[in-house]
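Colleague: Before we discuss this model, could you put it in front of us? I would like to ask on what grounds each description rests.

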Amino acid sequence: MATLPECSRSVKLANGSLMPLLGLGTYSSDNADNCYNACVTALKSGYRLLDCAWAYGNEREVGRAVEDCMSDGTVTRKGCFVINKLWHTMHHPDDVYAACDRSLKAMGLQYFDLYLIHAPFALAKPDDINAEYKLDEKGNKVPADVPITDTWKAMEKLVDLGLCKAIGVSNFNIDQMERIRAIAKHPIANNQVEVNLYQSQVELVDWCTQQNISVTGFSPLYAPGRGWKKEGDPVPLFDNGKVIDIGVKYGKSPAQVMLRFQLQRGVAVIPKSYAPSRIKHNIDVFDFELSDNDMKSLYDFNINHHSVAGADDFVGMESHPEFPW
């Protein structure tokens with residue numbers, strides 16, 4: 001099978017820059033060395049996008065991997081696309097610059113290629129700057145009344161200052177993005193949301209495509225190692241007979257089939273792994289193309305299941321006026 005051309009490996013953002021369609025997710029690092037080693041392995045295996053966030057607690061390790069791979073000539077800064085995210089407690093316009101600057105310094109970078117609002121709901125800023133949440137006397141997260149449009153205007157200033165090449169959102173719904181679009185000076189470049197066979201996000205992806213907003217899918221393999229599994233979740237897909245059979249036709253694994261499915265939809269993917277063999281395996285998806293019939297079969301798995309709703313970020317947020325689902 002012929003290798004697909006380079007143009008099929010990236011998507012043009014609204015600011016004109018190219019974002020790789022496949023990158024390494026760094027969520028939930030189990031230790032610093034594993035995160036650093038995974039990022040180095042990824043970059044040396046051909047990955048050119050690293051997705052991270054302040055909340056993941058591994059900015060220094062990701063930044064060190066980028067620095068070391070630049071030093072040995074594996075990548076250039078221009079050739080390495082780095083994504084970071086603004087945490088929920090830093091939505092107030094007075095806090096946005098400080099949050100971005102802190103992350104840049106932790107990573108040893110001058111700018112982010114893409115900086116996202118991690119989720120649409122604002123939470124109160126904790127007294128301890130290193131704490132994830134401010135909790136009330138009952139242990140519940142304390143919400144904050146910060147309009148997402150105010151946060152966006154502060155994000156735009158980061159672009160004006162050169163701290164970010166592009167800005168976007170994560171876990172936002174269409175209504176929330178419409179409100180931003182109505183006041184935006186800089187366009188929404190990307191919406192990073194959960195996308196996998198059980199959650200194809202068809203309406204959202206179609207709408208974003210029409211508005212020139214790229215989509216990145218986290219948990220594209222239905223996050224088999226996710227810490228927020230709960231009773232009643234759909235079964236994992238790696239052992240699904242239909243997915244296996246499709247893979248056999250192309251000499252590919254179920255994971256490669258699932259990743260290729262999203263890429264052919266124009267959805268960028270950021271599978272997370274710290275195993276060198278799987279990291280190398282996951283990028284081997286550009287030398288085949290799924291048929292229309294196989295794409296339809298894979299679309300049929302969709303049940304609009306938000307597995308990320310069980311993640312700690314979202315637990316207890318259901319009553320927040322900006323809860324996205």
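**Surface, fold and a helix pair**

Modeller: The chain exposes about 14,200 Å², of which carbon and sulfur atoms supply 49%; please keep in mind that this is a predicted model.

Colleague: What makes the chain as compact as a globular protein of that length?

Modeller: The chain, which has ten helices and ten strands, has a radius of gyration of 19 Å, and since the globule rule gives 20 Å for 325 residues, the two values are close, so the chain is as compact as a globular protein of that length. Its C-alpha trace spans about 55 × 45 × 40 Å along the principal axes.

Colleague: How much of the chain counts as buried, and what share of the contacts with a separation of 6 or more comes from residues 24 or more positions apart?

Modeller: Buried means under 20% relative accessible area, and 55% of the 325 residues count as such. Residues 24 or more positions apart account for 74% of those contacts.

Colleague: Why are helix 7 and helix 8 called roughly perpendicular to each other?

Modeller: The axes of helix 7 (residues 241-250) and helix 8 (residues 254-264) come within 8 Å and cross at roughly 85 degrees. Angles of 65 to 115 degrees count as roughly perpendicular, and the two helices are therefore described in that way.

Colleague: Which residues meet there, and how many of them are nonpolar, polar or charged?

Modeller: From helix 7, Val243, Ile244, Ile246 and Gly247 meet Pro254, Val257 and Met258 of helix 8. By class, this contact has six nonpolar residues, one polar and no charged ones, with Gly counting as polar.

Methods. Residues numbered from 1 in each chain as written. Predicted model: local features only at pLDDT ≥ 70, side-chain atom pairs only at ≥ 80, totals over all residues. Heavy atoms only, no water. Axes fitted to C-alpha atoms, helices over the stretch in contact; angles between N-to-C directions. Helix = DSSP H or I, 4+ residues; strand = E, 2+ residues; numbered from the N terminus. Parallel < 35°, antiparallel > 145°, perpendicular 65-115°, else oblique. Contact = heavy atoms within 4.5 Å. Rg over C-alpha atoms; globule rule 2.2 N^0.38 Å. Buried < 20%, exposed > 50% of the residue type's maximum accessible area, 1.4 Å probe, protein only. Areas by Shrake-Rupley, 256 points an atom, 1.4 Å probe, with all protein chains shown as cover.
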